[in-house]
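Got the viewer open? Load the model, switch to cartoon view and follow along from stop to stop.

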Amino acid sequence: MFTPDMQASPGSYTIRIICNDTDTEVFDELFIQVYNNEPLIVNVKSSQLQINRTKSLKLFINVSDNEIHEKNLDVRVIYKSPYDLNWQDNYINNKKYVNDHWQFDFVADKNAKIGKYKFRIICNDSYTEVFEDIEILVLNNVPIIDKLIISESSANRTESIQIIINTFDVETQDQDLEIDITHQITTDSFWNDDYISNQKYIQKNAINRAR
Ligand SMILES: [Ca+2]
Ligand SMILES: [Ca+2]
């Protein structure tokens, strides 16, 4: 019997059979190939398949191998952001082995590209590397118009009405948001921006003080 154990190196083994009649020794050889049992990615689960920038999600990964315990396998996560050719791992952190599985956090940066990310989960038993891909969508936080105030609700021609607009966005500062104001006189007329002028950004606390 030839029984390579868990620690046996994979490869081609030369088996030498020696025969001796006490006067002469002869031998013959044969070859046996020993293979590694490949590691297996049993399953990959994500707490979410889409995520807004500045939020995070968790990846739960189960792997196995005949020779090596799950916690001693090399497990890694890399990703490609939309239209990117390079694999990265900048937003992957908190790698840990807990409750019989591997866990990683993906934290979408506020400047992360929007769109489909290809994630690759890699498992290596130091002889063979296997991988599985999943896709996760990173979304923009949509801007919010949270308050509109007008100084008057009516005006005679040539009089001015002040329009105050409070906006909010998770990723973009208020002063960097683009605000367009248009109006129409009847529901079937064109929207236009005649009569709109003097658009400027005033800090929110400055407005509060002015009231
Ligand atoms: Ca193995
Ligand atoms: Ca945004």
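What follows is a walk through this predicted model, from the whole chain down to single residues.

**Stop 1: the whole chain**

Start zoomed out. The chain has 1 helix and 12 strands, and if you colour by secondary structure and read along the sequence you get β-β-β-β-β-β-β-β-β-β-β-β-α. The radius of gyration is 33 Å, well over the 17 Å that the globule rule gives for 211 residues, so the chain is more spread out than a compact globule. Turn the view onto the principal axes and the C-alpha trace spans about 125 × 35 × 25 Å. Buried residues come to 10% of the 211 in the chain. As for contacts with a separation of 6 or more, 53% of them link residues 24 or more positions apart.

**Stop 2: two domains**

Now colour 40–139 and 142–211 separately. These ranges are domain 1 and domain 2 in the domain assignment. How far apart do the C-alpha centres of domain 1 and domain 2 lie? Drop a marker on each centre and the distance between them is 44 Å.

**Stop 3: the hairpin**

Next, select residues 11–20, strand S1, together with residues 25–34, strand S2. The two run antiparallel and are joined by 10 bridges. For one pair to look at, show Ile 18 and Phe 27: Phe 27, in S2, stands opposite Ile 18. S1 and S2 make a hairpin with 4 residues between them, and in that turn Thr 22 has a positive phi of about 75 degrees. Is S2 largely buried or in the open? Of its 10 residues the number buried is 0, so S2 lies largely in the open.

**Stop 4: the antiparallel sheet**

Move on to the open sheet of 4 strands, ordered S3-S5-S8-S7, where the pairing is antiparallel. S3 (40–46) and S7 (92–98) are the edge strands; each has a single partner, so one side of each is left without a neighbour in the sheet. Ignoring direction, neighbouring strands here are turned by 20 degrees against each other on average.

Then pick out S5 (residues 56–64) and S8 (residues 101–107), an antiparallel pair joined by 6 bridges. Click Lys 58 and look across to S8: its bridge partner there is Asp 105.

While Asp 105 is on screen, add Asn 94, which is found in S7. Leaving out residues up to four places away in sequence, Asn 94 touches Phe 104 and Asp 105. There are 11 other C-beta atoms within 10 Å of Asn 94, so this residue is exposed.

**Stop 5: the mixed sheet**

Select the strands of another open sheet: 4 of them, in the order S4-S10-S9-S6, with mixed pairing. The edges are S4 (50–52) and S6; each has a single partner strand, so one side of each is left without a neighbour in the sheet. From one strand to the next the twist averages 30 degrees.

For the parallel sense, look at S4 and S10 (residues 129–139), which pair over 3 bridges. Show Ile 51 and Val 138 as sticks: Val 138, in S10, stands opposite Ile 51.

**Stop 6: the largest nonpolar core**

Which residues touch the most other members of the largest nonpolar core? Of its 18 residues, they are Ile 61, Val 63 and Val 75. S5, S6 (74–80), S8 and S9 (115–124) each supply at least two residues of this core, and S9 gives the largest share with 4 residues.

Centre the view on Val 63. Its contacts beyond four places away in sequence include Pro 39, Leu 40, Ile 41, Val 42, Val 75, Trp 102 and Cys 123.

**Stop 7: two loops**

Finish with two backbone spots. Tyr 83 lies in the loop between S6 and S7, and its phi is near 65 degrees, a positive value in a residue other than glycine. It has 8 C-beta neighbours inside 10 Å, so Tyr 83 counts as exposed.

Thr 158 sits in the loop between S11 (144–150) and S12 (163–168). Here phi is positive too, about 80 degrees, although Thr 158 is not a glycine. With 5 C-beta neighbours inside 10 Å, Thr 158 counts as exposed.

For a last look along the model, draw a distance from Thr 158 back to Asn 94. They are 64 residues apart along the chain, and their C-alpha atoms are separated by 62 Å.

Key
Residues numbered from 1 in each chain as written. Chains lettered and ligands numbered in written order. Predicted model: local features only at pLDDT ≥ 70, side-chain atom pairs only at ≥ 80, totals over all residues. Pairing = 2+ DSSP bridges. Axes fitted to C-alpha atoms, helices over the stretch in contact; angles between N-to-C directions. Domains from an automatic or database assignment. Core = buried A, V, L, I, M, F, W, Y, C linked by C-beta atoms within 7 Å. Buried ≥ 20, exposed ≤ 12 C-beta atoms within 10 Å, placed from the backbone. Contact = placed C-beta atoms within 7 Å. Rg over C-alpha atoms; globule rule 2.2 N^0.38 Å.
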